[in-house]
Amino acid sequence: MALRSLDNALPVPSERPKKQAKVAAVPPQKQQQQQPDFGAINDENKPPLSTSDASIDYIPSENLKSLADPDVKIHGLIGGLESKDWVKVCESLNDARRFALYHSILLLPILDKVMMVIVKAMKNPRSALCKTSIMASSDIFKAFGDKILEMESSTSSDAFDQLLLQLLLKASQDKKFVCEEADNAVKAMVESMTPLPLLHKLKAYVSHSNLRVRAKAAISISRCVSKMELEGMKEFGLVSLIQTAAELLNDRLPEAREAARGIVFSVYEAFTENQEQKKEVWQSFCQSNLPAIHAQAMIKIVA
């Protein structure tokens with residue numbers, strides 16, 4: 001059989017030249033990475049975008065010096081704290097710490113505004129800004145103590161509530177140097193404030209959806225209760241305290257369960273201090289105010 005002519009074969013398409021991607025010329029001034037402002041977004045778990053972070057000094061409270069001209073400096077403090085330059089904000093936060101430690105009378109009238117800026121800075125993902133703001137909160141707690149709660153009760157501000165939440169969240173995260181600083185701030189808060197009003201603030205967080213926040217709140221509650229006399233516990237509510245402890249004993253985190261045992265021991269010692277039959281009195285109290293399974297757990301702890 002004769003072979004068919006190849007003239008009828010489909011033509012082989014010629015390759016079309018590929019278009020070269022257009023590269024826009026970048027102006028020289030835009031080739032350098034710009035400094036992010038105070039509200040810039042950055043991944044908290046990555047190194048800061050700018051090497052200028054290294055210029056930020058984390059100054060311990062004992063190394064802070066008083067201001068030479070505090071009466072003049074106080075007028076520019078809020079402006080510095082609200083700057084879009086995050087380095088300037090860090091410097092102003094350190095100034096706020098100096099005011100708290102050495103010139104607290106000048107800081108008190110604007111303390112509410114300062115605390116709100118501290119809350120904003122804690123939410124910022126830039127590590128240097130976050131840590132400096134946490135250090136500022138520690139010094140404010142040490143300097144003002146109960147005055148912070150008194151200030152809140154006399155105004156409609158919720159600055160302390162927002163600050164407390166942010167500290168518990170920062171103390172609950174994985175970033176070690178931020179977590180440790182937040183732990184120190186929460187501890188300073190407990191040490192500088194009267195336990196009873198602080199307990200009312202902390203109690204709401206033992207039911208928080210974040211289990212680490214629950215544990216941090218439980219630790220602070222245990223520290224508060226350990227500072228209280230029986231009358232203070234009664235004013236807060238002995239039954240409420242042991243119910244909170246019973247709830248935390250079933251928590252998933254061991255830190256929360258350990259804090260619950262601390263609460264139980266503190267309440268037990270205060271409640272039975274003047275009793276001869278301590279364990280019998282404690283057993284009766286628990287069985288009268290708790291479900292049987294929780295009461296039995298409370299009795300076993302002190303046994």
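This is a short tour of a predicted model, moving from the whole chain to pairs of helices and then to single residues.

**Before you start**

Residues are numbered from 1 along each chain as its sequence is written. Because the model is predicted, local features need pLDDT of at least 70 and side-chain atom pairs count only at pLDDT 80 or more, while totals for chains, interfaces and linings use all residues; side-chain values use heavy atoms, with hydrogens and water left out.

**Stop 1: the whole chain**

Show the protein chain as a cartoon, and you will find 17 helices and zero strands. Helices here are DSSP runs (H or I, at least four residues), strands are runs of E with at least two, and both are numbered from the N terminus. Of the 303 residues in the chain, 46% are buried; that word means under 20% relative accessible area, with exposed over 50% and partly exposed in between (1.4 Å probe, protein chains only). Now think about contacts, meaning heavy atoms within 4.5 Å. Among those between residues at least 6 apart in sequence, 72% join residues at least 24 apart.

**Stop 2: α7 beside α10**

Select residues 127–144 for helix α7 and residues 176–192 for helix α10. Their axes come within 8 Å and cross at roughly 15 degrees, which makes α7 roughly parallel to α10. Axes are lines fitted to C-alpha atoms, for helices over the stretch in contact, and angles run from 0 to 180 degrees between N-to-C directions. Angles under 35 degrees count as roughly parallel, over 145 as roughly antiparallel, 65 to 115 as roughly perpendicular and the rest as oblique.

The crossing of α7 and α10 is left-handed: the near helix is turned anticlockwise from the far one by less than a right angle, whereas clockwise would be right-handed. Show side chains where the two helices meet: the α7 residues include Ile-134, Ser-138 and Phe-141, and those of α10 include Phe-177, Ala-185 and Met-189. By class, this contact has ten nonpolar, five polar and three charged residues. Ala, Val, Leu, Ile, Met, Phe, Trp, Tyr, Cys and Pro count as nonpolar, Asp, Glu, Lys and Arg as charged, and the others, Gly among them, as polar.

**Stop 3: α7 against α9**

Keep α7 on screen and add α9, residues 159–171. The two helices pack at an angle of about 125 degrees, with axes 12 Å apart, so α7 is oblique to α9. This crossing is left-handed. Cys-130, Ile-134, Ser-137 and Phe-141 of α7 make the contact with Phe-160, Leu-163, Leu-167 and Lys-170 of α9. These residues divide into six nonpolar, one polar and one charged.

Looking along α9 itself, you will find buried residues including Phe-160, Leu-164 and Leu-168.

**Stop 4: α12 and its neighbours**

Next, select α12, residues 211–226. Its 16 residues should span 22 Å at 1.5 Å a residue (the expected span is 1.5 Å times one less than the number of residues). The end C-alpha atoms are 23 Å apart, which agrees.

Which helices do the buried residues of α12 pack against? They are α9, α10, α11 (195–202), α13 (230–236), α14 (238–248) and α15. Among the buried residues to highlight are Val-213, Arg-214, Ile-221 and Val-225.

Bring α10 back: α10 and α12 pack at an angle of about 30 degrees, with their axes 10 Å apart, and are therefore roughly parallel to each other. Their crossing is right-handed. Asp-183, Val-186, Lys-187 and Val-190 of α10 touch Lys-216, Ser-220, Arg-223 and Cys-224 of α12. This contact has three nonpolar, one polar and four charged residues.

**Stop 5: two residues in α15**

Zoom to Val-264 in helix α15. Is Val-264 buried or exposed? Its relative accessibility is 1%, so Val-264 counts as buried. Beyond its neighbours within four places in sequence, Val-264 is in contact with Ala-245, Trp-282, Met-298, Ile-301 and Val-302.

Then pick Ala-270, also in α15 (residues 254–271). Ala-270 counts as buried because its relative accessibility is 13%. Not counting residues up to four places away in sequence, Ala-270 touches Leu-230 and Met-233.

**Stop 6: Ile-299**

Finish in helix α17 (residues 292–302) with Ile-299, which is buried at a relative accessible area of 17%. Cys-286 is 13 residues away in sequence, and the two C-alpha atoms are 7.6 Å apart. Leaving aside neighbours within four places, Ile-299 is in contact with Trp-282, Gln-283 and Gln-287.
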